[in-house]
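User: I would be grateful for a close look at a single part of this structure. Please begin with one pair of facing residues and work outwards, explaining each step formally for a first-year student.

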Amino acid sequence: MGFPEADVRASTGADLHDSALDGLGVRLHDGGGMLRLWSAHADAVELVVFDDLDLDWIDEVAPMRPVGGGVWEVSSSALVPDAKYAVRVDGPHGAGMTFNPATLLADPYARGLVSPGINSWRSAVVDTSFDWGDAAPPRTPWDRTVIYEAHVKGLTKRHPDVPASLHGTYAGLAHPAMIDHYHRLGITALELLPVHAHTSEPRLLQLGLTNYWGYNTVGFFAPHAPYATAAARAEGPSGVLREFKGMVRLLHEAGLEVILDVVYNHTSEQGLGKPRSSLRGIDNRSYYRQHDDGSYIDVTGCGNSLDTSTGAASRLVLDSLRYWAEEVRVDGFRFDLAPTLGRDAEHTFSPEHPLLRAIAEDPRLEGVKKIAEPWDVGMGGWQTGNFGAGWTEWNDRYRDRVRNFWLSDIDYARRADTTPVGIGGFASRLAGSANTFSPERGPLAGVNFVTAHDGFTLRDLVSYDVKHNLGNGEEGRDGADTNRSFNHGAEGHTDDARILATRRKAMRNLLGTLLLSAGVPMITAGDEYARTQRGNNNAYCHDSTLTWLDWEHAAWQQDLFAHAARLIRLRQENPALRPVRFAHAEMSVPSASVIDWYDENGRTMSIERWTNASHRTLQYDARSTPEHEAPNRILLVIHGREDEAEVVLPELDGVSRYVSLWSSEDEHPREGGTHLAPGSIVMMSGTSMHLFRSE
């Protein structure tokens with residue numbers, strides 16, 4: 001193209017807070033707008049503006065000028081709201097350099113994206129104005145937070161009380177019928193699977209499948225347009241953004257927080273030789289982790305890894321977070337494969353990585369929830385418990401131990417007539433995972449979960465021993481092989497009443513454990529009604545009734561919902577169940593829970609009891625240390641064997657009676673609590689839980 005050679009080149013080691021990186025993307029001004037783009041290695045950059053109706057027809061081409069620090073900029077009267085544009089970038093050839101001056105590339109900071117065809121994108125200038133009214137972020141404290149992980153489309157696609165025009169949309173998510181559901185269940189925050197603009201991999205399209213989950217990001221600033229209503233899409237990217245903001249406003253007015261699952265660790269450009277749509281063509285060497293020969297270092301399993309050892313890549317992430325938190329007013333972020341963001345120039349993870357510390361400490365992100373998925377697939381990628389102050393983490397150790405206790409251990413006991421381990425590890429998870437999170441961070445450093453979008457649903461967890469993923473087109477090779485699940489005697493569907501009853505109780509035990517444990521609970525949408533994916537534990541590529549929630553429920557499913565709602569309410573009413581801090585043996589700690597453990601005889605647990613693999617009956621006494629709420633004390637009885645157990649309620653100083661609040665033995669939660677005196681005997685059926693308030 002004969003671009004003029006740049007007279008300034010920036011180092012790829014630019015500082016995260018380098019002022020040269022301020023104001024990237026399009027900024028509107030009187031008479032048009034200015035585009036600023038970063039590329040350390042480019043020789044020339046052009047702005048290309050397209051016709052409003054024909055996204056292949058170029059209306060204007062303008063050279064961009066280098067202004068220092070690797071930044072290129074241009075002002076144009078064509079950069080007005082709803083304008084569609086791209087950039088073309090030329091540069092040197094060599095290892096890791098993938099410049100092509102003919103390729104049309106999306107602006108990494110584009111607030112809107114439109115696609116004229118597969119793997120082809122045009123950036124869009126958006127009108128960001130919006131009337132927020134009096135809506136304010138709920139700012140729910142961590143100890144009162146109950147997260148509901150959901151897919152925007154799948155949550156409402158089949159809901160009979162949501163208008164058809166709103167099915168599967170941002171607007172549908174905030175429809176009164178959905179808000180009523182959230183309130184009846186009691187959750188406080190929706191954690192949405194990726195809503196950044198994303199696309200499907202060519203391999204999936206060839207199989208007639210799609211990347212339904214959305215972990216294949218095209219742009220970090222633009223909302224995914226297909227989740228907007230037809231009316232909003234007709235208005236263009238500005239209309240899509242307005243609908244997204246409208247959803248946030250309505251949810252905030254209902255007291256609900258919005259947390260976004262964000263995928264900054266890799267992009268949809270995949271491996272070398274795959275689509276070149278943005279960062280690869282702008283400055284591949286600076287944006288992606290590579291060996292000296294230009295081959296990619298992939299710690300994500302998705303073909304590429306964003307290189308956050310460079311200031312510009314880190315700043316791209318930080319600026320995106322600021323935009324969604326400030327302009328769109330979301331309440332938090334869950335970071336997919338978060339260790340990738342904390343790897344240095346040698347690709348080693350550090351909790352003190354400048355980007356991780358900036359996310360935790362940036363005053364513009366103050367009060368915003370930050371949740372790490374604390375693993376990736378690179379060397380040293382498993383980092384649960386290591387993210388430091390300001391971060392909360394998905395607690396996979398919790399997930400695995402709870403599944404083991406209620407499912408795989410029971411399966412083992414049926415075959416071997418003994419359980420492989422006792423109750424000690426389970427008790428640690430119940431009490432907040434102090435063996436994983438430091439005293440300084442406390443129990444709220446962990447997001448507890450039993451299921452998530454990735455893996456079996458709650459119902460499938462108790463109904464299948466192995467995954468059933470043939471529909472994914474990979475001959476069953478994909479998805480986890482170790483699920484810690486148990487089918488209870490039949491694989492999948494069965495009409496055996498005994499097996500079905502046992503499965504229902506297993507689900508109640510899993511939900512009961514999740515919602516009565518110290519830490520932050522996360523429920524996967526649909527688990528409250530026991531939805532199934534027919535044994536598929538990796539349904540990322542199915543945009544169908546397999547993954548859309550079914551809102552027609554049998555009586556037993558409505559019973560399970562009633563249990564989930566009761567448990568959430570009890571959690572909110574009993575601060576002893578949701579401590580902010582770990583207790584200390586030698587001093588009183590405000591907003592902690594002082595815990596004592598008793599055996600089935602009402603006696604303090606002995607070392608022999610803790611270490612005996614066959615001993616799986618425990619009484620969990622937790623009393624709050626008030627700071628902002630009234631004193632509270634609970635007793636939770638857990639019985640983890642399939643035989644019945646006779647349990648003597650402990651005789652404790654200051655406790656005159658126990659009030660029954662909830663039992664997993666009940667098909668439907670009972671109203672009104674039975675009063676029992678200390679020393680009373682309670683019969684526990686096989687594998688069951690019983691919660692009391694101590695008075």
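Analyst: The pair to begin with is S660 and F692: S660 stands opposite F692, which belongs to strand β24. The model is a predicted one, and every value below is computed from it. S660 falls within strand β21, which covers residues 658–663. Strand β24, on the other side of the pair, covers residues 688–694. The two strands run antiparallel and are joined by five bridges.

Strand β21 has a second partner. Two bridges join β21 to strand β22, which consists of residues 675–676, and here too the strands run antiparallel. Each bridge can be located on the sequence. Y658 has L676 of β22 as its bridge partner, while V659 stands opposite H675 in that strand. In a regular strand, the side chains alternate between the two faces of the sheet.

These pairings place β21 in a wider arrangement. Six strands form an open sheet with antiparallel pairing, in the order β17-β18-β19-β24-β21-β22. The edges of this sheet are β17 (593–598) and β22, each of which pairs on one side only. Reading the order again, β21 sits between β24 and β22.

Is strand β21 enclosed or open to the surroundings? A residue counts as buried when its relative accessible area is under 20%. Six of the six residues of β21 meet that condition, so the strand is largely enclosed by the rest of the structure.

Part of the surroundings of β21 can be named. Helix α14 lies across β21 and β24, running at about 140 degrees to β21. Helix α14 comprises residues 555–573, and it also packs against helix α3, residues 176–185. Two packed helices are described by the angle between their axes and the distance between the axes. For α3 and α14, the angle is about 65 degrees and the axes are 8 Å apart. On the α3 side, the contact is made by H181, R184 and L185; on the α14 side, by F561, A564, A565 and I568. Sorted by type, the residues of this contact comprise five nonpolar, one polar and one charged.

Another residue in contact with this region is R508, which is found in helix α13, residues 497–516. What does R508 touch, leaving aside its neighbours within four places in sequence? R508 is in contact with L560, H563, W662, S664, E665, D666 and E667. Of these, W662 falls within the residue range of β21, and L560 and H563 fall within that of α14. R508 has a relative accessible area of 4%, and is therefore buried.

For comparison with the open sheet, one may turn to another part of the chain. There, a closed barrel of eight strands runs β9-β10-β11-β12-β13-β14-β15-β16, with parallel pairing. The twist from one strand to the next averages 30 degrees. Strand β9 (residues 147–150) pairs with strand β16 (residues 520–524) in the parallel sense over three bridges, and Y148 stands opposite I523 in β16.

One residue of β9 leads to a group of contacts. E149 lies in that strand and is buried, with a relative accessible area of 2%. Not counting residues up to four places away in sequence, E149 touches several residues, including I523, T524 and H453. H453 itself lies in the loop between β15 (446–448) and α12 (458–461), and at 10% relative accessibility it counts as buried. The side chain of H453 makes a polar contact of 2.6 Å with the side chain of E149. A further polar contact, of 3.1 Å, joins the side chains of H453 and Y215.

To return to the starting point: S660 faces F692 of β24, its strand β21 is also bridged to β22, and α14 lies across β21 and β24.

Definitions and conventions. Residues are numbered from 1 along each chain as its sequence is written. This is a predicted model: local features need pLDDT of at least 70, side-chain atom pairs count only at pLDDT 80 or more; totals for chains, interfaces and linings use all residues. Side-chain values use heavy atoms; hydrogens and water are left out. Buried means under 20% relative accessible area, exposed over 50%, partly exposed in between (1.4 Å probe, protein chains only). Helices (H or I, at least four residues) and strands (E, at least two) are DSSP runs, numbered from the N terminus. Two strands pair if DSSP finds at least two bridges between them. Axes are lines fitted to C-alpha atoms, for helices over the stretch in contact, and angles run from 0 to 180 degrees between N-to-C directions. Contact means heavy atoms within 4.5 Å. Ala, Val, Leu, Ile, Met, Phe, Trp, Tyr, Cys and Pro count as nonpolar, Asp, Glu, Lys and Arg as charged, and the others, Gly among them, as polar. A polar contact is a pair of N or O atoms within 3.5 Å; within protein, one must be able to donate a hydrogen and the other to accept it, and residues adjacent in sequence count only if both atoms are side-chain atoms.
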